[in-house]
Amino acid sequence: MVAPWDRRSDDDRARIEAATLARWLPGAVTAAPFHAARVGDIDDRLIVDRRGLQRLAPTRERDLLADGAGGGSAVLRPNEQQVKATADDSVIVGIARAIRRDGTGGKRDALVREYRPLQLHRGGVAGELLVASTRSDLDRQHRVGARAAAVLGLREDDVLVSALPAGPTLDHLGVVHLATGAALTALHARGVGDDLTTVAAAAARLPVTVLVVAAHEADVLAAVLREERTELRELRTVVSVGPPPTAQQRAATIDAFRRAGADREVAILALWGPSVSRSLWAECVEGGGGLHTYPDLEVLEVLDPLTGRVTDGDGDLTLTSAGWHGTVHLRFQTGTWVDPLTTDPCPGCGRDVPRLVGDLVPHAWELPVALDGGVRGTIDLRGIAAVVARTSWVTAWRAELRGPDERVPRDRLVVELAGTGPRSDTGRLERALEAATGLAPEVIAGVHEDEVVRGIDAAGGVLADRR
Ligand SMILES: [Zn+2]
């Protein structure tokens, strides 16, 4: 018998990952147009395991959006032959059963259940990426939600009130799935346009034991509950949706809820996932263990943002949505700066799943910039490294973001390159850099390597924000 998801041996985990990827990856690289086009001349018979996966170049949000509106070309759209060749056994058995029961109509329904995108949510740095979930994905989201609830230490007699604004986001929908998957009594109290007093009014009518709130609003919610004199006798958990708060922020939030009349010390526990994902990861109620991930439902890597290579150090959290249908992420660089994943058993709860411990900064390399005409945009600084890596004559580089000046009334990206390439390459590089970063750069080629190195030392890195 296989152990539960959070107590598996390394061998079991490796076996489950191998089995999942062997079935799922071939479908993902052939039946999602975006990925099919990017596999290029890699022999697709090799893309069946983690090593094969790592032959694929990582992708970024900008790549997906450039390929089509909302990133729709990353949605799995298999034909019947591809389903036969790549679906896992339970899907094939389900389809066969549906055909026996209802003939052609049954087959169609079974395929729709697995592959038709039913629910979309917005993800990415500005919510422009649409992430599609199928019926089978929604079932998985309920399973993920039940797991997160277990990690958070929630119980079936808990009464949950959510203060997250309603909307097409992973945060809101993920908490709905969590409550549904864990069979909790829940009120997702905050409709569109409602403020936190609506949440206080809802909490006043229920014996609320769990409050869910966006991390940046936790203390404000406590203040509103205090002002409204909301009864908080039963409250024991505040789920802070966002990157884990610092010890200081946690203490301040506990204090704010105590002032609001919470009887006992409430646990402040984080719940977070990259907005393009379908899973929210939780901190455990035992505490101190970081965010607990689901290794049988996703492959996580940490990549060096400047080379796109796997690193043992801190870097860019990169996601492969192993086994999910709908939107397929293959080595999607979420842009979240993280420390290396920890695989030791959690000191709090003993679960041995990979955990994200320490600071975590979403969209660390995607910064807001002022474009022409005062329009706000986003620059993806990882794009510089991606372009430079494809330019063999560059021996060293650095880049600076500068604010508007009298000559150029927008933020400017200046890229210095050491090495000697053809003069005609500068124009090509400028166009490639604009596509990869989102801002037209000024390229200064032929800078002496020593000078570039001095600039890197002075700025403390290859990227300097001087605005
Ligand atoms: Zn734990």
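Domain bounds here come from an automatic or database domain assignment. That assignment gives domain 1 (10–122), domain 2 (134–283) and domain 3 (366–465). You're looking at a predicted model, where local features need pLDDT of at least 70, side-chain atom pairs count only at pLDDT 80 or more, and totals for chains, interfaces and linings use all residues. Residues are numbered from 1 along each chain as its sequence is written.

**Exercise 1.** Find where the largest nonpolar core lies relative to the domains.

*Solution.*
- Start with the term: a nonpolar core is a set of buried Ala, Val, Leu, Ile, Met, Phe, Trp, Tyr and Cys residues joined through C-beta atoms within 7 Å. Buried means 20 or more other C-beta atoms within 10 Å of the residue's own, exposed means 12 or fewer, and partly exposed is in between, with C-beta atoms placed from the backbone.
- The largest such core has 92 residues, and Leu211, Val212, Leu221 and Ala282 have the most contacts inside it.
- Helix α1 (residues 10–31) supplies the largest share, 6 residues. Helices (H or I, at least four residues) and strands (E, at least two) are DSSP runs, numbered from the N terminus.
- Domain 1 (10–122) and domain 2 (134–283) both give residues to this core, so it lies between them.
- Apart from it there's another core of 27 residues, including Leu429 and Val462.

**Exercise 2.** Check the length of helix α13 and work out how its buried residues are arranged.

*Solution.*
- The expected span is 1.5 Å times one less than the number of residues.
- For the 13 residues of α13 (residues 425–437) that should be 18 Å, and the end C-alpha atoms are indeed 18 Å apart, so the two agree.
- Next, pick out the buried ones: Leu429, Ala432, Leu433, Ala436 and Thr437.
- These cover an arc (taken from the directions from the helix axis to the C-beta atoms) of only 110° around the axis, which puts them on the same side of α13.
- Their cover includes α4 (61–67), β16 (376–380), α12 (382–389), β18 (412–418) and β19 (441–447). Contact means C-beta atoms, placed from the backbone, within 7 Å.
- Just past the helix, Gly438 takes a positive phi of about 95°.

**Exercise 3.** Arg331 and His363: decide whether each is buried or partly exposed.

*Solution.*
- Arg331 sits in the loop between β11 (315–320) and β12 (332–338), with a positive phi near 55° despite not being glycine.
- Arg331 has 21 C-beta neighbours inside 10 Å, so it counts as buried.
- His363 is in the loop between β14 (360–361) and β15 (366–370), and its phi is also positive, about 50°.
- His363 has 19 C-beta neighbours inside 10 Å, so it counts as partly exposed.

How values were computed:
Two residues are in contact if their C-beta atoms, placed from the backbone, lie within 7 Å.
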